[in-house]
Amino acid sequence: MEWFDFGVYAYIADTIAEVFFPASVSPGVRLIGTFGAFTAAFLMRPLGGLVFGPLGDRIGRQKVLAVTMIMMAIGTLCIGLIPSYATIGVWSPVLLVLARMVQGFSTGGEYGGATTFIAEYSPDKRRGFMGSWLEFGTLSGYVLGASVVTGMKAWVPHETLLDWGWRVPFLVAGPLGVIGLYMRLKLEETPAFQKHAEEAEKRGRSGEPFWKMFTEYWPALLVCVGLVLVFNVTDYMLLSYMPTYLSEQLHLDATHGLLLIIVVMVVMMLIIMVGGRITDHVGRKPVMMAGCLGFLVLSWPLMLLVHDGGLVLTFLGLMGLGLLLLCFEVSMPAALPALFPTAIRYGALSIAFNISVSLFGGTTPLVMQSLISATGHDFWPAWYLMAAGAIGAVAVYFSRETANKPLWGSGPAVSTEAEARELVRDSG
C-alpha cells in the first residue's frame with residue numbers, strides 16, 4: 001500500500017511534468033523539474049529516519065510503523081488535490097514539493113522499521129525467506145501503481161488525463177491508508193524489542209544513548225551505507241527511471257514501456273521467495289556479491305539490449321537488470337537489520353539507510369535525466385550501475401555473514417520443536 005503511494009509518482013512523471021510546470025519550457029526541463037520534486041522526498045528521508053528510527057528503539061516498532069503509514073497516505077492524497085500550474089501558477093510545483101516532502105519524511109521511518117519488524121519476528125534459519133516477503137510487498141505496490149497508470153494511459157484520452165485523470169491514482173491513497181493503518185494497529189510488538197524493553201526497565205534506562213551508534217558502531221553504519229547504495233541505485237534505476245528513459249530517450253510508446261517494466265516486476269515477484277530461501281542456505285554475502293559483480297560486468301551489454309534492440313531484446317535487457325536487482329531484493333531485508341544490535345537497530349538502520357538513499361538512490365532519476373540532457377549520451381545508466389556495483393562489492397566484502405545466526409543482541413529463534421531440540425542438543 002505504501003509503495004503504491006510512493007511509486008505511482010514515477011510512473012506518471014511525464015503527465016505530472018505537463019500539469020505542474022509551464023508549457024513554455026522544453027519537455028526535458030519539465031521532466032528535470034518533475035524528478036527534482038521526486039528527489040525532494042529523498043532529501044527528507046534522513047530527517048524522517050533521524051526522528052522515527054530512535055523513536056522506534058524507544059517506544060516500539062509497531063507504534064512508529066502505524067504513524068508512517070498514515071503520513072504517507074496524507075502526503076499522497078494531497079498531491080491528488082493540488083491545482084495545476086495553469087490554475088495557481090508557481091504555487092503548484094511548490095505545493096507538489098511540500099507534499100513529496102511529507103511522503104519522504106514518512107518513508108524515512110518505513111523501511112528501517114519494516115525490515116527490523118520482520119527480522120525480529122523471523123526464525124534464524126528462515127530470515128531470508130521471511131524478509132523476501134517485504135520486497136514482494138514493495139514490488140506488489142509498484143506493480144499496482146504501474147498497472148493503474150498504464151491502464152489510464154491506454155484508455156483515457158490524453159486531454160482527460162491532463163485535466164483530472166492523473167489525480168485518480170493519488171486519491172486512492174485515502175482508503176488504502178485507512179486499510180493499512182487498521183492492519184498495523186493490529187500488530188503486536190516484536191519479541192526482541194519486548195525483551196530489550198524489559199531489560200532496559202530493570203536497568204532504569206529507556207535505551208542506548210543516541211550518539212553511541214556513531215562512536216561505537218560506525219563501521220557497521222558505513223557498510224550499511226555501501227550496501228544500500230548499490231541496492232537503491234539499481235532499484236530506482238530500473239523501477240522508477242526506466243519507464244521515462246524508454247519513452248523519452250528511446251521513443252518507445254509509453255504504454256509499452258510501462259508494460260515491459262510491469263512484466264519484469266511480476267517475474268521478480270514469482271521467484272523472489274525462492275531467492276530468499278537460497279540466501280538461507282548459501283548465505284547473504286555470496287548472493288549480494290553475485291549481484292554487485294553482475295552489475296559491474298553486465299550493465300553495459302544489458303543496456304545495449306535495452307537501447308538498440310527491438311521490443312523483445314529491450315525486454316531481455318530489462319529482465320537481466322531485474323534478475324541482478326533480485327540478488328539484493330532477496331538478501332538485504334535479512335542482511336541489513338543483522339548489522340546492528342537490538343537497542344539501536346531501528347535507529348541506526350533508518351539513519352544509514354536513508355542517508356544512502358537520499359544521496360545516491362533517490363537522486364538517480366534526476367541525475368540520469370540531467371546528465372543525458374546535458375551531454376546527449378544515452379548510456380549514463382550503464383556507467384552509473386557499474387559504479388554502484390563496484391562500491392557495493394567493497395561493502396559486501398567488509399560485511400559479515402549472518403545467515404542462520406541469531407540477531408545481534410537476541411537469543412536463538414526457531415520455528416519448530418524439532419529445531420528447538422536440535423539447538424539444545426548442539427549446545428549441550
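Entry 1. I began with a term: accessible area is what the Shrake-Rupley method gives with a 1.4 Å probe. For this protein, I looked up the accessible surface and found about 16,900 Å². Carbon and sulfur atoms hold 71% of that surface. I note that the model is a predicted one.

Entry 2. I turned to the overall form. The protein has 428 residues, and its radius of gyration is 21 Å. A compact globule of that many residues would come near 22 Å, so the value agrees with a compact globule. I also took the span of the C-alpha trace along its principal axes, which is about 75 × 45 × 35 Å.

Entry 3. I checked the secondary structure and listed 22 helices and zero strands.

Entry 4. I asked what share of the residues count as buried. The figure is 56% of the 428 residues. I then looked at contacts between residues at least 6 apart in sequence, and 85% of these join residues at least 24 apart.

Entry 5. I looked for a nonpolar patch on the surface. One is formed by Val 266, Leu 270, Ile 271, Val 274, Ile 278, Val 282 and Leu 323. Together these residues have about 580 Å² of accessible area. Which helix gives the most to the patch? I found that helix α15, residues 254-282, does, with six residues.

Entry 6. I picked one patch member, Val 282, which lies in helix α15. Is Val 282 buried or exposed? Its relative accessible area is 48%. Buried means under 20% and exposed means over 50%, so Val 282 counts as partly exposed.

Terms used: Residues are numbered from 1 along each chain as its sequence is written. This is a predicted model: local features need pLDDT of at least 70, side-chain atom pairs count only at pLDDT 80 or more; totals for chains, interfaces and linings use all residues. Side-chain values use heavy atoms; hydrogens and water are left out. Patches are made of residues with over 30% relative accessible area and no salt bridge: like charges are joined within 9 Å, nonpolar side chains (Val, Leu, Ile, Met, Phe, Trp, Tyr) within 5 Å. A salt bridge is a side-chain nitrogen of Lys or Arg within 4 Å of a carboxyl oxygen of Asp or Glu. Helices (H or I, at least four residues) and strands (E, at least two) are DSSP runs, numbered from the N terminus. Buried means under 20% relative accessible area, exposed over 50%, partly exposed in between (1.4 Å probe, protein chains only). The radius of gyration is taken over C-alpha atoms; the globule rule is 2.2 Å times the number of residues to the power 0.38. Contact means heavy atoms within 4.5 Å.
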